[in-house]
Amino acid sequence: MKKRWIILSVSLSVAAGSLAAYGVSRLAARNTDAEPTARNITYVEGEQQLAETHFTTNPAMPQGGLLPDFTTAAENGVEAVVNIENRQKYTVRPYANPFGGGGFDPFEFFFGPQSGGGGRQQQQSQPQQQERRSGGSGVILSEDGYIVSNNHVVEGADELIVTLHDGTVHKATLVGTDPSTDIALLKIDATGLKTIPFGHSEELRLGEWVLAIGNPYGLTSTVTAGIVSAKGRSLGVLPSQMGIESFIQTDAAVNPGNSGGALITTDGRLIGINTVIKSPTGAYAGYSFAVPSSIVRKVVTDLREYGVVQRAMLGISFQAITPEWIERFGKEKGIEQAGGIYIAEVSADGAAEAAGIKAGDVLTHINDKAMNTTADVQETIAKFRPNDKIQVTVRRNGSPRTFDITLRNRAGKTELVKKEDVNLLEELGATFREVSDKQKKELRIRGGIQVVELKSGGLLAKSRVQRGFIITAINDTPIATVSDLNRITDKVQSIDGLYPDGRIVSYQTLGQ
């Protein structure tokens, strides 16, 4: 009897459990019918039609968490990302005759010129043209064929070949480049192309999902996903000494060939151009970096309208006030709290000086936006052109002060720069470093820039300037820092300076 009750109790428990499970499943089904977990809604913002981000329930997540659906953004994005092939011609000189100089050919010596040896020797003596090819990516910005990419993707090209998503091939014309941001603008002769609209990189949030689209290792139309890991990263990787770095950092996989490709949001907007990977191996190892759309949009607009980037200058040398800076300089400068930007120098005849800003001020805001890193300042100023007006707030002797500033060009003027104006850094053909405080004291100079490397064909190399030379003036204009080169727009007539051993040298009419 007791045994029979035990069996009955177990049977009732199983039945009750089954009924409960059935009830829960019906309730879940009813809720699912009431509120679908997948949405496909479109709406219009301005002239661009956007697809609302889709979310689907992941059954592997016990609490029914939501994951983004990348399909619409990915399918539209790949149609506007192209492959760019950089073709460069170079000459191969004939190899030296292993049997001695004078063009001696042992085949011709023993068997005569009719044997074919002489013909072979003559063929080898002629320089041969060969072609080097490299690849990257680009993003179509307009239906009539304007494409943005990286400067390092197109640099040195004799011919640029663009392959669209559908396999169509076009020759591209290089509209302009900007090494300072590693951005280039190309144009192909086509119409009705698929495009990616610009988004607002300033509105990106940490942890937001993004997609990287490009052609890594020649694998066309590759899409990877990740999140925004950081904003405003400055890595010191751009080869231009006036590089503007405020990268978006993501963990979306990016590899060689992705350069110049798109970084887009889940609603299909372009918020960056993939440019750099940080890796010990040269391949993806966890983080990738993109130039934000706030900079890209300004650069490509300038290149298209003016043929040259209209770069505004605030006219200051500055350093971020970090805990490390406080530990090293805080006591000397009378600053105890981290945060803000220390203004180390104010350029003569620059925009900041004209407005009343002084060395030793602490820059805290530009147009009410907080400034705490050098990348903050670079990215903010990079959006403006000469003659644009901004509002700058500084802290002086512990009190805030606000200044209205009219930005200037690299020559200290408010006019826009012409394409024909000299790009001095490129013309000089060298890399520089600013002299140290120790060198200033030993050589009794106020400042200068020292030649670290020389490029063949550059102005300095042609003038027989040697490595180590310290430039202190160009065209009688003092040069204390690399940024002072921006003040020179006229043709170089004279360069003054000295060598580390104290020899003072002046080079005249270097452009002749």
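**Note on the strand pairing**

1. Six strands, in the order β11-β12-β13-β16-β15-β14, make a closed barrel with antiparallel pairing. On average, neighbouring strands of this sheet are turned by 45° against each other, direction ignored; axes are lines fitted to C-alpha atoms, for helices over the stretch in contact, with angles from 0 to 180 degrees between N-to-C directions. Helix α2 (residues 71-78) packs on the sheet and touches β11 (209-214), β12 (222-233) and β14 (262-265), contact meaning heavy atoms within 4.5 Å. The direction of α2 makes about 25° with that of β11.

2. This is a predicted model, in which local features need pLDDT of at least 70 and side-chain atom pairs count only at pLDDT 80 or more, while totals for chains, interfaces and linings use all residues. Residues are numbered from 1 along each chain as its sequence is written, and side-chain values use heavy atoms, with hydrogens and water left out.

3. Within the barrel, β13 (residues 247-250) pairs with β16 (residues 287-292) in the antiparallel sense over 3 bridges; pairing requires at least two DSSP bridges between the strands. Thr250 stands opposite Ser288 in β16. Strands (E, at least two residues) and helices (H or I, at least four) are DSSP runs numbered from the N terminus.

4. Strand β7 (residues 146-150) has 5 of its 5 residues buried, that is, under 20% relative accessible area with a 1.4 Å probe, protein chains only. Antiparallel to β7 runs β6 (residues 128-140), joined by 2 bridges, with Ile140 opposite Ile147. The β6-β7 hairpin has 5 residues between its strands, and Gly145 in the turn has a positive phi of about 105°.

5. β7 also pairs antiparallel with β10 (residues 183-188), over 5 bridges. There, Leu186 is the bridge partner of Ile147.

Technical notes: Buried < 20%, exposed > 50% of the residue type's maximum accessible area, 1.4 Å probe, protein only.
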